[in-house]
Amino acid sequence: MNLKLMRYRILSRLTFGKKRKHYKNRLCQEKLKNKYEVSGNGNKIFLVSSDGSMEEAHNRLSGINIIIAGSNNRVFLSREAAESKMLNINLQMEGDDNYFKIADFVRGNWNIAQYGGNNYFSVGENTRCGEVNAALHSNRFEIGQDCMISSSEELWTDGHSIIDNGSKEILNYSETPIIIGNHVWLGRRCTLTKRAQIPDNCIVGIGSVVTRAFKEQNCILAGNPAKIVKRNVNWDGRRPADYKADFEKTADLAA
C-alpha cells in the first residue's frame, strides 16, 4: 500500500470531527486526540519498566494512538519512553499475533501499520528519529540500539503480489526480516524495502534506497539502489565542529 495513503487512512480513523483538508497534514504534525481503539480477543498493551516489570496499560497515554483489529496482538511500550513526552506513536494493527515493542529512551515520531498478522516490529534503546513511516505485511522489522534516524523515512514490505504469467508462481514473496543494526545513522528520505539489512555502525546517505542485505559493518551506503561507497568509517552524534574541538583538545593533552 502506498505510504501516503496509509498515513491518510490512519489519520482519518484517529481524528474526530476534523475537516478533510486537515487529513493531508503529516501525522507527526497533527495534534491528535489520544485514542485506543481495540477490537478482537486477547489483545494486550503493556507498560514495561526499566527493571523488566510490566503492567497492562488501561489509560490513554499522551502522544500514543493505537488501533487494533484482530486477536492476540501484543504492544510493549517502555514506561520511560511513553512518559518522556518526546515520543509520538501512531500504530495500526490489522490481523492476529502482531508484536510491537519500544525500548527505553526511544524518541521521535513513529507511524507504523501492521497488516495481515504475524508482524514483528521492535526498536532498541536510545534510538531517535525525526519521522519513520512503516508498513509491514506479515513480516519482521528490527531496529537496534543507539540509532539516529532522520525524517521522512519510508520502510515497507510488499502488500501486493507479483505473479509469473507462465508458472503462476509469486515473484516477490519474502520471509527475510528487515534489520537495522546498532549505531546506524539514516539520512533524510531513505527508503528500506523487503530484504533490506544494514549492519552495525553504518551510515546511509540522504535519499538512498536499500533493497538488499549488506554484511560489512562500518560502511557508508548511498544511491538507488544503495551500494557501499566508503569503508572503515564510523559516526558520532556530536556536531563536526564540536567533535573537532574535542579531538584537538584530547590530542593536545596527549602530546
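Student: Which residue in the turn of the β2 and β3 hairpin has a positive phi?

Tutor: This is a predicted model, in which local features need pLDDT of at least 70, side-chain atom pairs count only at pLDDT 80 or more, and totals for chains, interfaces and linings use all residues. Residues are numbered from 1 along each chain as its sequence is written, and side-chain values use heavy atoms, with hydrogens and water left out. Strands β2 and β3 (DSSP runs of E, at least two residues, numbered from the N terminus) make a hairpin with five residues between them. The turn residue with a positive phi, about 95°, is G52.

Student: What is the bridge partner of V48 in β3?

Tutor: Strand β2, residues 44–48, runs antiparallel to β3 and is joined to it by three bridges; two strands pair if DSSP finds at least two. L47 has E55 as its partner in β3, while V48 is bridged there to M54.

Student: Which residue in β5 stands opposite F46?

Tutor: β2 also pairs with strand β5, residues 74–78, in the parallel sense over five bridges. In this pairing, F46 stands opposite F76.

Student: Which are the edge strands of the open sheet?

Tutor: Eight strands form this sheet, with mixed pairing, in the order β3-β2-β5-β7-β9-β11-β14-β17. Those pairing on one side only are β3 (54–56) and β17 (197–198).

Student: Leaving aside neighbours within four places in sequence, which residues does F121 contact?

Tutor: Contact here means heavy atoms within 4.5 Å. With those neighbours left aside, F121 is in contact with Y99, F100, K101, W110, I112, Q114, A134, L136, F141 and I143.

Notes. Helix = DSSP H or I, 4+ residues; strand = E, 2+ residues; numbered from the N terminus.
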